[in-house]
Amino acid sequence: MSLSTAVLTLIMALSCALQFLAAGLAIRLIRSSGFFSAWILLACGFIVQGVRRFVALAHILEGQIQGDMSIEVFGLVISVFMLCGIIKFKPLFEEINHSRQALLEKQNKLSHANQELEAFVSTVSHDLRNPLTVIIGYAEHLRQVCASKLDKQELDCLREIESQGGKMTALMEDLLVLSRVGYVERPVEPEDTASIVKDVLEELGVQLAEGGITIQKADLPKLHVPETFLSEIFKNLIGNAIKYACKENASIEIGGERQGNSVRYFVRDHGPGIPEDETGRVFEMFYRGLSQKQSNGTGVGLAIVQKIAQLYGGRAWVEETDGGGSTFWVEMKEETDPGS
Ligand code: ADP
């Protein structure tokens, strides 16, 4: 074998080895990085190049073809560059891989926490629902069995226990769904808000009568939002108006308006109002007004109102009533514009 053929053989063998090395590294990155198609293509390219060189080298050694030194040196340089490229990219891919692993771990932890939360909510609601069902059952039983021994007022009390219990069960069902999916499907037919408010006012009838409070109702547009949620909104807003803003013979105004795709409801009182620096905070979970610490409450009511409004594409806010007091607004959107 001549010297030039020996050098050529060495260069081609080296170039061949570098190609296979690059292919090996690429395959390792395929396994760890997960970018299968890109790295499979690259690895295949390197392997094909390596095999081609190897076959050419065999032909040269058998004397079937004559190798070209300059082309093979050029090929070796390219192989070196390719290998350097792969080595240079390796840390980058390792970092990407590391981040992917960290993200996967976080996702696993999050889904685990969600599962625990869901289990907790189910347990709590189950544990609340069972005694509630028993209470409703006994009230119904007493009303039926002791009907002849009880007077009208006592029977009404039992009916009220059943009705309130039923409403609480329905609300719990919705809150359970809400906690699972964050959203309760809209009803097919729009809910009759005026009749929902009428029921809420009946529920609060004793407090209204005791305070000599008058209610002025304006239009209340219907809306595709679950009945229990609409009821919850008005129960909170009217209940608050009675609790915080109604002295003897005060009045509360309730109304609403439709503006294209959105519906806005308001509950207006003429009480002391809310200090300016608290108007944003009253919608926060567990926030209680600084001057209200003495009265009963949990600070959850307005947070629920805000959450429901946001679920249906809107928001809740409070404005000062002309002449003093608070006007609470709740805006929600229809899924599609009824006019379209
Ligand atoms: P809670 O009534 O249990 O305190 P809410 O979330 O319903 O919880 O209300 C938060 C706070 O907003 C109340 O503590 C009170 O300070 C203030 N607030 C709500 N409604 C009124 C109102 N109509 N007038 C004056 N303050 C109000």
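Biologist: Before we start, what makes a residue near a molecule here?
Modeller: A residue is near a molecule if one of its heavy atoms lies within 4 Å of it. And keep in mind that this is a predicted model.

Biologist: Okay, so which residues come nearest to the ligand?
Modeller: There are 20 residues around the ligand, and Asn240, Tyr244, Arg288, Thr298 and Gly299 come nearest.

Biologist: What's the mix of classes in that shell?
Modeller: The shell around the ligand has 9 polar residues, 8 nonpolar ones and 3 charged ones.

Biologist: And which helices and strands supply at least two residues of it each?
Modeller: Those are helix 7 (227-245), helix 8 (301-311) and strand 5 (326-333). Helix 7 gives the largest share of the shell, with 4 residues.

Biologist: Where does the ligand sit?
Modeller: In the largest pocket.

Biologist: Let's talk atoms. What lies 3.2 Å from an oxygen atom of the ligand?
Modeller: That's a polar side-chain atom of Lys243. On the backbone side, Gly289 has an N or O atom 2.9 Å from an oxygen atom of the ligand.

Biologist: What about a nitrogen atom of the ligand, which side chain has an N or O atom 2.9 Å from it?
Modeller: The side chain of Asp269 does. As for cover, the ligand on its own has 530 Å² of accessible area, and the protein covers 97% of that.

Biologist: Switching topic: what's up with the phi of Phe286?
Modeller: Phe286 is not a glycine, yet its phi is positive, about 70 degrees. Most residues other than glycine have a negative phi.

Biologist: Where does Phe286 lie?
Modeller: In the loop between strand 3 (262-268) and helix 8.

Biologist: Is Phe286 buried or exposed, and why?
Modeller: Exposed, because its relative accessible area is 60% and exposed means over 50%.

Biologist: Now Leu3. Where is that one?
Modeller: Leu3 lies in helix 1, which covers residues 3-33. Leu3 counts as exposed because its relative accessibility is 67%.

Biologist: How many Å separate the C-alpha atoms of Leu3 and Ala102?
Modeller: 56 Å, and the two residues are 99 residues apart along the chain.

Biologist: Back to helix 7 for a sec. How exposed is Glu227, and what's its relative accessible area?
Modeller: Glu227, which has its place in helix 7, is partly exposed, with a relative accessible area of 41%. The C-alpha atoms of Glu227 and Glu189 are separated by 11 Å, and these residues are 38 residues apart along the chain.

Conventions. Residues numbered from 1 in each chain as written. Predicted model: local features only at pLDDT ≥ 70, side-chain atom pairs only at ≥ 80, totals over all residues. Heavy atoms only, no water. Polar contact = N/O pair within 3.5 Å; in protein donor to acceptor, adjacent residues only side chain to side chain. Areas by Shrake-Rupley, 256 points an atom, 1.4 Å probe, with all protein chains shown as cover. 1 Å grid on protein atoms, 1.4 Å probe; cavity = no way out; pocket = protein on both sides within 12 Å on 5 of 7 lines; lining within 4 Å. Sits in = over half its atoms within 2 Å of the grid points. Nonpolar A, V, L, I, M, F, W, Y, C, P; charged D, E, K, R; others polar. Buried < 20%, exposed > 50% of the residue type's maximum accessible area, 1.4 Å probe, protein only.
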